[in-house]
Protein chains: 2
Amino acid sequence: MTKRLTTIDLLRRHSLPSLVQGQLEEMILAGSLTPGSQLTEIPLSLQLGVSRGPVREAFRGLEEKGLVRVEKNRGVFVRTISPVEADQIYEVRVALELLVVAKLAADPGRLAQAKFDALLDKAERMASKGDFAACHACNVEFHDHLVQGTGNAALLDTYRRLVGELSLFRHRAHARIRDASSLRASVADHRAILSAILAGDAAAARRRIRRHVEASRSRTQRLLAAAGTSKD
Amino acid sequence: MTKRLTTIDLLRRHSLPSLVQGQLEEMILAGSLTPGSQLTEIPLSLQLGVSRGPVREAFRGLEEKGLVRVEKNRGVFVRTISPVEADQIYEVRVALELLVVAKLAADPGRLAQAKFDALLDKAERMASKGDFAACHACNVEFHDHLVQGTGNAALLDTYRRLVGELSLFRHRAHARIRDASSLRASVADHRAILSAILAGDAAAARRRIRRHVEASRSRTQRLLAAAGTSKD
DNA sequence: TGTTTGTAGATTGTCAACAATATTCTGGGG
DNA sequence: CCCCAGAATATTGTTGACAATCTACAAACA
């Protein structure tokens with residue numbers, strides 16, 4: 001009990017609700033809280049060492065963020081995203097990423113190339129080692145850094161929200177990334193996209209990112225279809 | 001029998017926090033709560049006839065929605081959006097609207113043309129009557145219905161969030177729309193965009209919506225610049 | 001046997017009181 | 001006259017308790 005409190009005490013600068021929200025968000029995005037599962041207030045508040053109030057406030061934030069679904073007098077549940085919803089999210093994401101690479105290609109000088117190269121190298125190393133989760137994390141971070149590079153806060157917020165919901169969908173699909181070839185293909189895509197951006201070739205960058213994200217979309221859809229036939 | 005039940009049921013379905021959040025959101029978007037002003041819990045809870053708990057929960061939702069800013073131990077304030085932030089939001093909005101008209105133009109049959117025509121006619125009537133606020137509302141609704149027409153829930157959510165933040169910016173700029181010519185120009189733009197969509201001409205629709213939103217962007221920026229020099 | 005109804009338990013919804021923090025005001029000193 | 005320390009006030013942060021609602025189970029009846 002005391003140990004649990006220290007973890008929260010060390011971060012006293014943030015209010016309790018925001019801490020709880022961050023913790024829950026992390027667990028949801030990591031998949032330790034599976035989509036569809038119920039989040040009961042009392043066990044959570046006991047587990048986190050806080051009262052129900054902050055937990056409820058965190059629920060509100062998570063609901064607005066699209067990570068949980070609240071049913072009055074019933075409870076809150078980790079949001080489940082249907083294949084069509086995921087497809088729609090992907091559609092918006094493509095539009096955003098097109099804007100991202102176009103902006104970056106218009107001014108490639110501002111991009112910290114070393115950071116991206118390091119990220120891509122690490123992704124390949126992880127893939128070689130067979131650590132697919134780490135490789136996937138690198139790939140996700142590559143996209144995120146790309147969006148960060150635009151310097152557009154609204155764009156970054158919007159993008160992250162969509163990606164968060166998509167990761168939710170990936171968990172629902174039980175789609176653990178085990179396919180080394182697709183991971184390597186992603187890294188190769190990323191290299192091509194990056195080079196197009198650095199060359200200032202917006203058209204090529206747009207073409208490549210579109211193909212890249214569309215491939216991810218159809219791949220995820222296929223994975224869910226396979227998982228769906230077996231159980232759901 | 002059904003009438004009373006539905007009203008009761010609708011009230012029972014929404015929890016107090018969601019009611020409060022909706023009320024506050026309405027007030028913020030309408031401009032009756034001006035950007036930068038503080039929202040104190042006790043007066044609000046007294047005014048709305050509820051306790052502080054629901055109000056706090058509503059604050060969390062509004063914060064995640066980007067309508068208020070929360071400072072720990074200081075209070076919550078209606079969010080103020082800077083010109084650069086507004087510009088960035090507009091940039092994302094353009095990307096979304098491009099997707100919207102492209103999707104609609106790809107399948108114009110699904111669009112309820114009568115609804116849009118009625119909306120445009122009403123907008124012109126309001127402009128002629130000198131009711132600029134109503135005309136502006138019609139124009140906003142036109143865009144919203146366009147996005148609704150895509151049938152993409154994620155796209156609609158994302159779009160509405162951005163538009164909400166932009167309306168916040170308009171209030172900050174004290175930019176009451178009084179310019180009849182720009183309002184009429186917007187209606188004319190809308191007619192052109194709609195006809196391009198109905199003709200299935202995606203390229204023309206994209207070109208026109210881009211010019212249209214970009215015009216709105218620069219106009220809003222100019223209005224704020226003018227207001228900024230005079231007072232702020 | 002199947003349905004229904006009542007009851008017990010659990011969970012959420014709401015509230016009012018208490019604690020912690022920030023802001024304001026006031027009095028004294030330089 | 002200005003500045004600073006310290007109390008007074010106001011506001012937020014958090015908690016525990018109480019009320020309302022839903023769920024699950026079991027007993028009674030057709």
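Of the 232 residues of chain A, 46% count as buried, that is, under 20% relative accessible area, against over 50% for exposed and partly exposed in between, with a 1.4 Å probe and protein chains only. The model is predicted: local features need pLDDT of at least 70, side-chain atom pairs count only at pLDDT 80 or more, and totals for chains, interfaces and linings use all residues. Residues are numbered from 1 along each chain as its sequence is written, chains are lettered from A and ligands numbered from 1 in the order in which they are written, and side-chain values use heavy atoms, with hydrogens and water left out.

The accessible surface of chain A, from the Shrake-Rupley method with a 1.4 Å probe, comes to about 11500 Å², and carbon and sulfur atoms hold 52% of that area. Contacts (heavy atoms within 4.5 Å) in chain A with a separation of 6 or more are 73% between residues 24 or more positions apart. Chain A contains 10 helices and 3 strands, taken as DSSP runs of H or I with at least four residues and of E with at least two, numbered from the N terminus. Their pattern along the sequence is α-α-β-α-α-β-β-α-α-α-α-α-α.

The 3 strands of chain A form an open sheet in the order β1-β3-β2, with antiparallel pairing. Strands β1 and β2 of chain A stand at the edges with a single partner strand each, so one side of each has no neighbour in the sheet. Pairing requires at least two DSSP bridges between two strands. Strand β1 (residues 38–39) of chain A is joined to β3(A) by 2 bridges, and L39(A) stands opposite V76(A). Between β2 (residues 68–71) of chain A and β3(A) there are 4 bridges, with E71(A) opposite G75(A). In β3 (residues 75–78) of chain A, G75(A) and F77(A) point one way and V76(A) and V78(A) the other; all are buried. The hairpin of β2(A) and β3(A) has 3 residues between the strands, and N73(A) takes a positive phi near 60° there.

N73(A) also approaches DNA strand D: an N or O atom in the side chain of N73(A) is 3.5 Å from a sugar or linking oxygen of the strand. Phosphate oxygens of DNA strand D are 3.2 Å from a polar backbone atom of E41(B) and 2.5 Å from an N or O atom in the side chain of R56(B). Elements giving two or more residues to the surface near DNA strand D are α2 (16–30) and α4 (52–64) of chain A, with β1 (38–39), α3 (41–48) and α4 (52–64) of chain B. The largest share, 3 residues, comes from α4(A). Around DNA strand D there are 21 residues, of which L16(A), S51(A), R74(A), R52(B) and R56(B) come nearest; a residue is near if one of its heavy atoms lies within 4 Å. Of the strand D atoms within 4 Å of the protein, 71% belong to sugar or phosphate and the rest to bases.

DNA strand C is surrounded by 19 residues, the closest being R52(A), R56(A), L16(B), S51(B) and R74(B). For strand C, 72% of the atoms within 4 Å of the protein belong to sugar or phosphate. A phosphate oxygen of DNA strand C is 3.1 Å from a polar backbone atom of L16(B), and another distance, 2.7 Å, separates a phosphate oxygen from an N or O atom in the side chain of R74(B).

Definitions and conventions: A polar contact is a pair of N or O atoms within 3.5 Å; within protein, one must be able to donate a hydrogen and the other to accept it, and residues adjacent in sequence count only if both atoms are side-chain atoms.
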